[in-house]
Amino acid sequence: MIETPHLISKFQAIFQTRTVPRVFFAPGRINLIGEHTDYNGGHVFPIAINYGTYALGSIREDQKLRFYSMNFPETGIIECDLSDLAYHEQDNWANYPKGMLLFLKNSGCKILQGADLFFYGNLIHSAGLSSSASIELATGVLSNGLYNLNMARMKMIRIGQMVENQYMGVNSGIMDQFVIGMAKTDHALLLNCQTLEYKYAPILLNDYSIIIINTNKQRTLAGSKYNERRAQCEQALMDLQQNLSINSLGDLTPQEFEAHKYLIRDEINRKRAKHVIYENARTLEASRKLQQGDLPYFGKLMNESHHSLRDEYEVTGYELDSIVEAAWKQDGVLGARMTGAGFGGCAIAIVQKTKVNDFKSNVNRIYKEKVGYDADFYPASIGDRAKEIRRRY
């Protein structure tokens with residue numbers, strides 16, 4: 001983990017200033033279960049993790065914005081003016097903080113001066129841990145602090161989703177921004193994505209660890225089949241609404257789906273809807289089981305989730321299936337599944353602590369034999385929401 005004083009020194013060197021910036025952090029997230037249910041009005045069960053995005057900033061006297069990322073040093077300092085925050089392809093990663101600043105301004109926030117903004121993320125890029133929402137919420141809490149906006153957290157979360165949908169062109173749900181903005185240490189967050197009602201569930205892993213497994217197959221969300229899956233679910237919903245008074249697929253139980261699935265004319269769309277409705281039920285059951293401390297049953301639900309994502313929603317792919325199937329075969333593993341939108345990226349597993357080293361070695365060996373390159377493994381602790389990091393030195 002990089003130390004805050006080092007980031008401050010880098011900020012001062014890059015922007016050639018003695019100003020001490022304020023430091024903010026927004027975590028990434030993994031979803032323990034409940035995949036592709038968020039934009040279908042269902043439930044999700046994510047946690048914030050101890051990896052994320054640091055955002056450092058200081059106010060300028062003019063209206064110039066300067067952006068720098070330690071992760072993309074080749075882009076150098078990217079500059080724009082507060083009066084022109086439009087999306088520009090050449091601005092690369094900086095479009096995320098630019099979009100947040102634009103939508104904050106458009107929402108009525110008084111942002112009248114420019115700023116020097118410095119970012120560093122230790123999330124795996126394009127791996128499905130929500131690096132984009134982490135940048136958005138890091139920019140949100142930074143802007144809230146630098147400009148004394150006194151912004152309600154839900155407003156910040158909604159603006160983050162608007163940036164993703166309307167500025168970046170990714171038709172995603174609200175889960176990523178919500179958990180990054182509202183997470184609680186050592187708790188998962190059960191969120192109803194239709195009503196935004198939520199509650200915290202303590203996670204007591206005891207002798208087990210959550211391991212993030214990066215397949216090292218990158219995924220590009222905007223260019224993937226994510227939007228296609230969403231359109232298929234929307235069509236399935238419209239078919240069901242001919243006879244049913246429902247607002248989303250998340251309104252149906254599995255039993256109700258089985259009784260009315262004939263209304264969905266297209267067989268592929270029927271499979272997509274089946275995943276969403278059964279996954280929503282699994283998510284509610286998973287929350288209950290975890291609160292009862294029943295980790296083995298939770299692991300079983302994780303495995304069922306992956307089967308459904310592979311067979312009904314078809315978003316896993318060779319790499320994710322290979323890594324998850326290898327994980328299932330190891331001693332001390334309660335459950336494993338892909339996490340995120342799929343099409344590459346990461347899986348997660350719940351592994352007995354005393355077996356973690358063997359788990360990593362065995363899974364990587366099997367995976368490399370199948371796909372030809374290594375996976376990477378990251379133990380994850382359950383972190384807190386996006387916030388300012390107060391200096392203690």
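Visitor: Which residue in strand 5 is the bridge partner of Leu65?

Guide: Happy to start there, keeping in mind that this is a predicted model. Strand 4 and strand 5 (residues 78–81) run antiparallel to one another and are joined over four bridges. Within strand 5, the residue bridged to Leu65 is Cys80.

Visitor: And in strand 6, which residue is the bridge partner of Tyr68?

Guide: Strand 4 pairs with strand 6 (residues 115–121) in the parallel sense, over five bridges. Tyr68 also belongs to a cluster that ring pairs build from Phe11, Phe15, Tyr68 and Phe118. One member of that cluster is the bridge partner of Tyr68 in strand 6: Phe118.

Visitor: How many of the six residues of strand 4 are buried?

Guide: Strand 4 covers residues 64–69, and it is largely enclosed by the rest of the structure. That follows because the buried residues number five of the six.

Visitor: Let's move to the open sheet of three strands. Which strands stand at its edges?

Guide: The strand order in this sheet is 2-7-8, with antiparallel pairing. A strand at the edge has a single partner strand, so one side of it is left without a neighbour in the sheet. That describes strand 2 (43–44) and strand 8 (198–202).

Visitor: Which residue of strand 7 stands opposite Val44?

Guide: Strand 2 and strand 7 (residues 187–192) are antiparallel partners over two bridges. Opposite Val44, in strand 7, you will find Leu191.

Visitor: At what angle to strand 7 does helix 5 run?

Guide: Look for helix 5 at residues 175–182. The helix lies across strand 2, strand 7 and strand 8, and its angle to strand 7 is about 135°.

Visitor: Phe178 and Tyr198 form an aromatic pair; what kind is it?

Guide: Phe178 comes from helix 5 and Tyr198 from strand 8, 20 residues apart, so the pair links distant parts of the chain. Their ring centres are 5.4 Å apart, with 70° between the planes. Planes over 60 degrees apart count as one particular kind, and the pair is therefore edge-to-face.

Visitor: Is Tyr198 buried, partly exposed or exposed?

Guide: Its partner Phe178 is buried, at a relative accessible area of 0%. Tyr198 has 36% relative accessibility, and the buried class stops under 20% while the exposed class begins over 50%. Tyr198 therefore counts as partly exposed.

Visitor: Which ring has Lys184 over its face?

Guide: Lys184 is placed 5.2 Å from the ring centre. The ring beneath belongs to Tyr200.

Terms used: Residues numbered from 1 in each chain as written. Predicted model: local features only at pLDDT ≥ 70, side-chain atom pairs only at ≥ 80, totals over all residues. Heavy atoms only, no water. Buried < 20%, exposed > 50% of the residue type's maximum accessible area, 1.4 Å probe, protein only. Pairing = 2+ DSSP bridges. Contact = heavy atoms within 4.5 Å. Axes fitted to C-alpha atoms, helices over the stretch in contact; angles between N-to-C directions. Phe/Tyr/Trp six-rings, centres within 6.5 Å; stacked < 30°, edge-to-face > 60°. Lys NZ or Arg CZ within 6 Å of the ring centre and 35° of its normal.
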